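Work through the exercises below with the coordinates open, trying each task before reading its solution.

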Amino acid sequence: MSYEELVGEIRNLFMKADVSDIKEHIAYQFNIRGEAEGAFYAEVSDGKLSIEPYEYYDRDVLFTTTADTLLKIAKGKTDPVAAFTLGKLKVEGDFDKALKLKDFTRKAK
């Protein structure tokens, strides 16, 4: 899988989420290691989601993982907290906002 394919797949999965009830601003950056290596961000602002293939320097949370782990999280097959506990997902930044990824991916199913 290429970086562009990964971003497209994540965009397709995450854009299914209903973020209209998220009133706060949340900016996640995902750094992908290994296959499909690269960085992209997901931002919720004013109840709207955007996903772009760029680094986001004013982010709330930085996630570092593999494409495989991120896809499993996005598809609801892997719990993000479990991935973090097992060392498959590294998290830097606001842990309260990081935990919202679990709700966010649950909405995307």
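Three exercises follow, on the overall fold, on burial in two helices and on aromatic pairs.

The model is predicted, so that local features need pLDDT of at least 70 and side-chain atom pairs count only at pLDDT 80 or more, while totals for chains, interfaces and linings use all residues. Residues are numbered from 1 along each chain as its sequence is written, and side-chain values use heavy atoms, with hydrogens and water left out.

**Exercise 1.** Determine the order of the elements along the protein, and judge its radius of gyration against the globule rule.

*Solution.* Begin with the DSSP runs, where helices are H or I of at least four residues and strands are E of at least two, numbered from the N terminus. The protein has four helices and five strands, arranged from the N terminus as α-β-β-β-β-α-α-β-α. Next, the radius of gyration, taken over C-alpha atoms with a globule rule of 2.2 Å times the number of residues to the power 0.38, is 12 Å, close to the 13 Å that the rule gives for 109 residues, so the protein is as compact as a globular protein of that length.

**Exercise 2.** Establish how far helix H2 is enclosed, and whether Lys 97 is buried or exposed.

*Solution.* Apply the cut-offs: buried means under 20% relative accessible area, exposed over 50% and partly exposed in between, with a 1.4 Å probe and protein chains only. Six of the eight residues of H2 (residues 67–74) are buried, so this helix is largely enclosed by the rest of the structure; among the buried ones are Leu 70, Leu 71 and Ile 73. Turning to helix H4 (residues 95–107), which holds Lys 97, we find that Lys 97 counts as buried because its relative accessibility is 14%. With contact meaning heavy atoms within 4.5 Å, and residues up to four places away in sequence not counted, Lys 97 touches Glu 24, His 25, Ile 26, Tyr 28, Asp 60 and Val 61.

**Exercise 3.** Classify the aromatic pair of Phe 14 and Phe 30, then that of Tyr 28 and Phe 30.

*Solution.* Rings of Phe, Tyr and Trp (its six-membered ring) pair if their centres lie within 6.5 Å, and planes under 30 degrees apart count as stacked, over 60 as edge-to-face and the rest as tilted. This rule gives seven aromatic pairs. For Phe 14 and Phe 30 the centres lie 6.3 Å apart and the planes stand at 55°, so the pair is tilted; it links helix H1 (residues 3–14) with strand S1 (residues 26–33), across 16 residues. The pair of Tyr 28 and Phe 30, at 6.2 Å centre to centre and 70° between the planes, is edge-to-face.
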